[in-house]
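This report walks through one protein chain, from a single loop residue outward to the fold, the core and the main pocket. Please keep the sequence and the structure in view while reading.

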Amino acid sequence: MNETMVCAVGNVATQPVYRELANGASARFRLAVTARYWDREKSAWTDGHTNFFTVWANRALATNVGASLSVGDPVVVQGRLKVRTEVREGQSWTSADIDAVAIGHDLSRGTSAFRRPSKEGDTTAVSRLEPNWETEPESRTPDASQQLPEPAGVT
């Protein structure tokens with residue numbers, strides 16, 4: 001397939017609109033992407049032109065967008081670029097949409113706490129202990145309460 005895949009870094013410009021449709025969940029929001037460049041004359045960073053994209057998310061991604069994003073959040077969006085031209089009331093309009101495959105917070109501009117959505121009736125989630133990365137594993141004597149069971153052998 002010949003599709004134009006893009007990765008856009010910008011800010012959420014409108015509150016995401018979440019809808020539950022017959023064929024699954026859908027969400028959309030506007031993404032503002034502003035180019036920045038170094039202006040040698042001013043010796044400072046300067047904002048360039050701002051492009052706006054309508055980002056569309058479907059199914060599980062739509063549900064997570066509705067629960068995770070709000071106006072002003074810095075995000076990275078990857079997806080298929082769709083440029084549409086139509087005539088409305090005698091005027092030609094062009095819009096650029098991104099059919100999102102992945103959306104995430106831009107961690108170069110802040111922090112985020114990731115949580116997996118819980119599934120109804122899912123009892124397979126196992127609590128795993130966080131390793132202590134500040135000490136060498138050899139220098140530590142493992143506590144019996146922190147040991148995990150050995151995995152079953154594969155035959």
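In this predicted model, Glu89 counts as exposed, because its relative accessibility of 86% lies over the 50% cut-off. Glu89 sits in the loop between S5 and S6, and its phi is near 50°, a positive value in a residue other than glycine. A second loop offers a like case, for Ser43, which lies between S3 and S4, has a positive phi of about 55° although it is not a glycine.

**Fold and confidence**

The chain holds one helix and six strands, and along the sequence these elements follow the pattern β-β-β-β-α-β-β. Of the contacts between residues at least 6 apart in sequence, 56% join residues that are at least 24 apart. The chain has 155 residues, of which 22% count as buried, and it exposes about 12,600 Å², with carbon and sulfur atoms supplying 51% of that area.

The mean pLDDT of the chain is 84, and 76% of its residues reach 70 or more. Over residues 121-127, however, the pLDDT is below 50, and this stretch has zero contacts in the model beyond near neighbours in sequence. Where pLDDT is low, the predicted coordinates should not be read in detail. Among the elements of the chain, the lowest mean pLDDT, 94, belongs to strand S2 (residues 17-21), while the highest, 97, belongs to strand S1 (residues 5-12).

**The nonpolar core**

Which residues have the most contacts inside the largest nonpolar core? This core has 20 residues, and those with the most contacts inside it are Phe29, Leu31, Val55, Val65, Leu69, Val77 and Ile103. Two or more residues each are given to this core by S1, strand S3 (24-39), strand S4 (44-58), helix H1 (59-68), strand S5 (74-88) and strand S6 (91-105). The largest share, five residues, comes from S3. In soluble globular proteins, nonpolar side chains tend to be buried together.

Val55 can serve as an entry point to this part of the model: leaving out residues up to four places away in sequence, Val55 touches Ala27, Arg28, Phe29, Leu31, Val77, Ile98, Ala100 and Ile103. Ala27, one of these partners of Val55, is found in strand S3. Ala27 is buried, because its relative accessible area of 1% is under the 20% cut-off. Apart from neighbours within four places in sequence, Ala27 is in contact with Val17, Tyr18, Val55, Trp56, Ala57, Ala62 and Val65.

**Residues of S3 and S4 compared**

The table sets Ala27 beside two residues of strand S4, Thr46 and Asn51.

| Residue | Element | Relative accessible area | Class |
|---|---|---|---|
| Ala27 | strand S3 | 1% | buried |
| Thr46 | strand S4 | 15% | buried |
| Asn51 | strand S4 | 36% | partly exposed |

Thr46, with residues up to four places away in sequence left out, touches Ala35, Arg36, Tyr37 and Asp39. Asn51, again without its neighbours within four places, is in contact with Leu31, Ala32 and Val33. Why is Asn51 classed as partly exposed? Its relative accessible area is 36%, and so Asn51 falls between the cut-offs of 20% and 50%.

Two C-alpha separations add to this picture. Asn51 and Ala32 are 19 residues apart along the chain, yet their C-alpha atoms are separated by 5.8 Å. Ala27 and Arg59 are 32 residues apart in sequence, with 8.6 Å from C-alpha to C-alpha.

**The largest pocket**

Where empty space is left can be shown by rolling a probe the size of a water molecule over the atoms. The largest pocket has a volume of about 520 Å³. How many residues line the largest pocket, and which lie nearest its centre? The lining has 16 residues, and Asn64, Ser68, His105, Phe114 and Arg115 are those that lie nearest the centre. The elements that give two or more residues to this lining are H1 and S6, and H1 gives the most, with five residues.

Technical notes. Residues are numbered from 1 along each chain as its sequence is written. This is a predicted model: local features need pLDDT of at least 70, side-chain atom pairs count only at pLDDT 80 or more; totals for chains, interfaces and linings use all residues. Side-chain values use heavy atoms; hydrogens and water are left out. Helices (H or I, at least four residues) and strands (E, at least two) are DSSP runs, numbered from the N terminus. Buried means under 20% relative accessible area, exposed over 50%, partly exposed in between (1.4 Å probe, protein chains only). Contact means heavy atoms within 4.5 Å. Accessible areas come from the Shrake-Rupley method with a 1.4 Å probe; for residues, only the protein chains shown count as cover. pLDDT is the predictor's confidence in each residue, from 0 to 100. A nonpolar core is a set of buried Ala, Val, Leu, Ile, Met, Phe, Trp, Tyr and Cys residues joined through side-chain atoms within 4.5 Å. On a 1 Å grid over the protein atoms alone, a cavity is a set of points where a 1.4 Å probe fits but cannot get out, and a pocket is an open set with protein on both sides within 12 Å along at least five of seven lines; lining residues have an atom within 4 Å of a point. Grid points are joined across faces, edges and corners, and a volume is the space filled by probe spheres set on the points.
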